[in-house]
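Let's take a walk through a protein model together. Have the sequence and the 3D view ready, and look up each spot as we get to it.

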Amino acid sequence: MTAERVNPGEMDGPYAPDKAGQGVISAFGQSLKTLRLRAGIEREELGRRLGYSASTIASFEQGRRIPPPRAIDRADLEVDAGGLLVLWKEQVEKAQYPVFFQGMAQLEKQAIELLCYDTLAVNGLLQTEEYMRAVLAMRRPALDAEVIEQRVTARLTRQAILDRRPAPLLSFVMCESVLRRRFGGDDVLRGQLEHLLLIGQRSNVELQVMPLSSEENSGVDGPFTVVTREDGKKFLYVEAQGTSSLETDPRQTVLASARYGIIRSQALSPRESLAFIEKLLGEL
């Protein structure tokens, strides 16, 4: 079997600060500051041109926040960097993610189909920012504030897949228990359920709920994601308790796709699922 596997010893666990990525982000920030000073531009002025506050520009320069790709492009022009900042863009984007997720993040950008089965929390591609913060705040050992900001930014960036053209096919099946967990309190859950109802109306997205009352559930082995790339190659991604694997073996990926099809058939239909989510929302 051919597979790409993360060695937990190399990453110090998924809840540790992303040290390698932080180094890239800090180096980019230093480059931004050097080029800004060379151009004779104050932080307040650069912030005004980019649409950010001076404190946010300071956070970019100090490596405490990650600028989005468009901000990097614009900053390169404003400080007359001649493409030097743009060269950082791919590395900065990659550095947003924990080491164990970087391969999957790249695959999502190339996906024409995603099949996601979730049993613990709402899938990151569907989370509201408030829900993200609530979930990340529960990690133990606790994540540093900078790491939480980094991962929130990364998840919001990943959600660009929802608006990508041509639109990929996105299918999500989630256990009912996911929708009942009050991470962050009732207000956070209410906002999350409302968000799911909106996303579920998109033509390229199918949301399905696996009810707790179901007597059949072929997803008993836990959450997983199957990614189909533009060239037709499939990948199986599984993540749990400090380890992750990205399987490339055709037998494993085909079996996972077939298993997902069975899970979908056992879950509520997309229409029934949206009605179910609406019912849960009314109970809050």
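What follows is a tour of some helices, loops and single residues in this predicted model.

## Helix α3 and its two sides

Start with helix α3, which covers residues 43-50. Which of its residues are buried? They are L46, G47 and L50. If you look down the axis of α3, the buried residues fall within an arc of 100°, so they line one face of the helix. There's a handy rule behind this kind of pattern: an α-helix has 3.6 residues a turn, so residues three or four places apart point the same way.

Now turn to the face of α3 that points away from the buried side. Here you'll find E44 and R48, and these residues are exposed. Just after α3 comes G51, which has a positive phi, near 85°.

## How α3 meets α5

Helix α5 takes in residues 69-78, and its axis comes within 10 Å of the axis of α3. The two axes cross at roughly 125°. Angles over 145 degrees would count as roughly antiparallel and 65 to 115 as roughly perpendicular, so this pair falls under oblique. As for handedness, α3 passes α5 in a right-handed crossing.

Who does the touching? On the α3 side, the contact is made by L46, R49 and L50. On the α5 side, A71, R74, A75 and E78 take part. Sorted by class, this contact has four nonpolar residues, three charged ones and no polar ones. Notice that L46 and L50 turn up again here, having already appeared among the buried residues of α3.

## A second helix pair: α11 and α13

Next, find helix α11 (residues 186-199) and helix α13 (residues 270-283). Their axes also come within 10 Å, and they cross at roughly 155°. Angles over 145 degrees count as roughly antiparallel, so that's the label for α11 and α13. The crossing of α11 past α13 is left-handed.

From α11, the residues in the contact are R190, L193, E194, L196 and L197. They meet L274, I277, E278, L280 and L281 in α13. What classes do the residues of this contact belong to? Seven are nonpolar, three are charged, and there are no polar ones.

## Helix α7 and what covers it

Helix α7 runs over residues 102-110, and its buried residues are Q102, M104, A105, L107 and E108. Which elements help to cover them? The cover includes the helices α6 and α9, along with the strands β2 (111-118), β5 (224-229), β6 (234-240) and β7 (243-247).

One of those covering elements, α6, spans residues 89-95 and holds K94. K94 is partly exposed, with a relative accessible area of 43%. Its C-alpha atom is separated by 13 Å from the C-alpha atom of F28, and the two residues are 66 places apart along the chain.

## Residues to look up in the loops

Two prolines deserve a stop. A cis peptide bond joins R140 and P141, with omega at about 0°. You'll find P141 in the loop between α8 (129-137) and α9 (145-158). Another cis peptide bond joins R165 and P166, again with omega at about 0°, and P166 is in the loop between α9 and β3 (169-175).

Then there's D80, in the loop between α5 and α6. D80 isn't a glycine, although its phi is positive, about 55°. Is D80 buried or exposed? It counts as exposed, at 58% relative accessibility.

Compare that with Q127, in the loop between β2 and α8. Q127 is buried, with a relative accessible area of 3%. Leaving aside neighbours within four places in sequence, Q127 is in contact with V122, M132, R155, Q159, Q192 and H195.

## Last stop: A54

A54 lies in helix α4, which is made of residues 54-61. At 23% relative accessibility, A54 counts as partly exposed. With neighbours within four places in sequence set aside, A54 is in contact with R43 and E44. That links back to α3, where E44 is one of the exposed residues on the face turned away from the buried side.

How far is A54 from G261, going by their C-alpha atoms? Those atoms are separated by 50 Å, and the two residues are 207 places apart along the chain.

Technical notes: Residues are numbered from 1 along each chain as its sequence is written. This is a predicted model: local features need pLDDT of at least 70, side-chain atom pairs count only at pLDDT 80 or more; totals for chains, interfaces and linings use all residues. Side-chain values use heavy atoms; hydrogens and water are left out. Axes are lines fitted to C-alpha atoms, for helices over the stretch in contact, and angles run from 0 to 180 degrees between N-to-C directions. Helices (H or I, at least four residues) and strands (E, at least two) are DSSP runs, numbered from the N terminus. Angles under 35 degrees count as roughly parallel, over 145 as roughly antiparallel, 65 to 115 as roughly perpendicular and the rest as oblique. A crossing is left-handed if the near helix is turned anticlockwise from the far one by less than a right angle, and right-handed if clockwise. Contact means heavy atoms within 4.5 Å. Ala, Val, Leu, Ile, Met, Phe, Trp, Tyr, Cys and Pro count as nonpolar, Asp, Glu, Lys and Arg as charged, and the others, Gly among them, as polar. Buried means under 20% relative accessible area, exposed over 50%, partly exposed in between (1.4 Å probe, protein chains only). The arc is that of the directions from the helix axis to the C-beta atoms.
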